[in-house]
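User: Hi! I've just opened a protein structure and would love some help reading it. Could you walk me through it?

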Amino acid sequence: MELTDAIRRRRMVRNYTDEPVDPAVVERILSQALHAPSAGFSQGWAFLRLDSANDVQRFWAATTPAGAGSDAWSAGLRRAPVIIVPLSSKEAYIERYAAPDKGWTDRDEARWPAPYWDIDTGMASMLMLLAVVDEGLGACFFGIPPERIDTFRTEFGIPDTFKPIGAISIGHRAADRRSPSLKRGRRGLADVVHHGQWNSASGTTTAG
Ligand SMILES: Cc1cc2nc3c(=O)[nH]c(=O)nc-3n(C[C@H](O)[C@H](O)[C@H](O)COP(=O)(O)O)c2cc1C
């Protein structure tokens with residue numbers, strides 16, 4: 001599939017059929033994540049792969065309150081046979097940038113203009129979302145509620161040095177309800193691009 005097609009076709013899919021996903025496909029999707037860029041090539045990410053019914057059930061039990069899951073959003077999402085949890089490691093970046101070629105030996109967090117560990121893990125997640133489209137499947141990136149992160153950590157033995165940035169459900173697409181958020185409409189280039197100057201009147205001249 002052409003990259004442009006994959007980008008345009010990608011949608012967060014919140015309803016899946018019961019059909020399992022071939023483990024080789026999951027492997028290919030995860031492999032694509034490894035090609036994401038990362039600051040200093042730190043690669044401070046990890047991916048928890050949950051693709052058995054038991055592991056997926058453990059994920060939902062750990063990340064949602066008892067009794068949750070019967071509403072349409074949850075029921076559709078919970079049918080996904082695969083969950084990948086992307087995790088980021090701030091420590092890996094602090095460590096990498098203390099190396100001689102970077103020289104931030106004081107390990108001062110104030111040096112970081114943005115949390116590159118989360119950014120890079122997000123980039124890896126985006127590659128997985130696109131790989132999913134390329135495989136003819138659907139996926140949804142969604143948040144793990146902050147109050148459930150400790151339970152999640154305990155359930156899956158996640159070390160303190162890694163933090164989940166969200167979760168990605170993967171499966172065969174079923175008819176989906178349109179997300180109410182989409183009513184907001186996609187912002188246009190003129191709205192978001194500041195060409196040469198923040199207050200430029202014309203936005204941009206690039207077509208698209
Ligand atoms: C960081 C992030 C967190 C998100 N969290 C959720 C979520 O918790 N639940 C959900 O249903 N969708 C979640 N989404 C999906 C967005 O709602 C979705 O991307 C947006 O409405 C645009 O729709 P589209 O991705 O299908 O184009 C999240 C997306 C991102 C990038």
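Analyst: Happy to help; we can talk about salt bridges and then the cavity. This is a predicted model, where local features need pLDDT of at least 70, side-chain atom pairs count only at pLDDT 80 or more, and totals for chains, interfaces and linings use all residues. Residues are numbered from 1 along each chain as its sequence is written, and side-chain values use heavy atoms, with hydrogens and water left out.

User: Great. How many salt bridges are there?

Analyst: The count comes to eleven salt bridges. A salt bridge here is a side-chain nitrogen of Lys or Arg within 4 Å of a carboxyl oxygen of Asp or Glu.

User: And why do such side chains pair up?

Analyst: Side chains of opposite charge can pair when their charged atoms come close.

User: Cool, which residue does Glu 27 pair with?

Analyst: Glu 27 pairs with Arg 49, and their closest N and O atoms are 2.8 Å apart. Glu 27 sits in helix α2 (residues 23-33) and Arg 49 in strand β1 (residues 45-50), so this pair ties together parts that are 22 residues apart in sequence. Helices (H or I, at least four residues) and strands (E, at least two) are DSSP runs, numbered from the N terminus.

User: Which residues are in that network of salt bridges?

Analyst: Glu 27, Arg 49 and Asp 51 are linked in it.

User: What about Glu 95?

Analyst: The side chain of Glu 95 meets that of Arg 107 in a salt bridge, at 2.9 Å from N to O. Glu 95 is in helix α5 (residues 90-96) and Arg 107 in the loop between α5 and α6, so the pair ties together parts twelve residues apart in sequence.

User: Is Glu 95 buried, exposed or partly exposed?

Analyst: Glu 95 is partly exposed at 47% relative accessibility, and Arg 107 is partly exposed at 40%. Buried means under 20% relative accessible area, exposed over 50%, and partly exposed in between (1.4 Å probe, protein chains only).

User: Switching topic: what is the volume of the largest cavity?

Analyst: The largest cavity has a volume of about 50 Å³. A cavity is a set of points on a 1 Å grid over the protein atoms alone where a 1.4 Å probe fits but cannot get out, and lining residues have an atom within 4 Å of a point. The volume is the space filled by probe spheres set on the points, which are joined across faces, edges and corners.

User: Which helix gives the most to its lining?

Analyst: That is α6, with three residues.

Terms used
1 Å grid on protein atoms, 1.4 Å probe; cavity = no way out; pocket = protein on both sides within 12 Å on 5 of 7 lines; lining within 4 Å.
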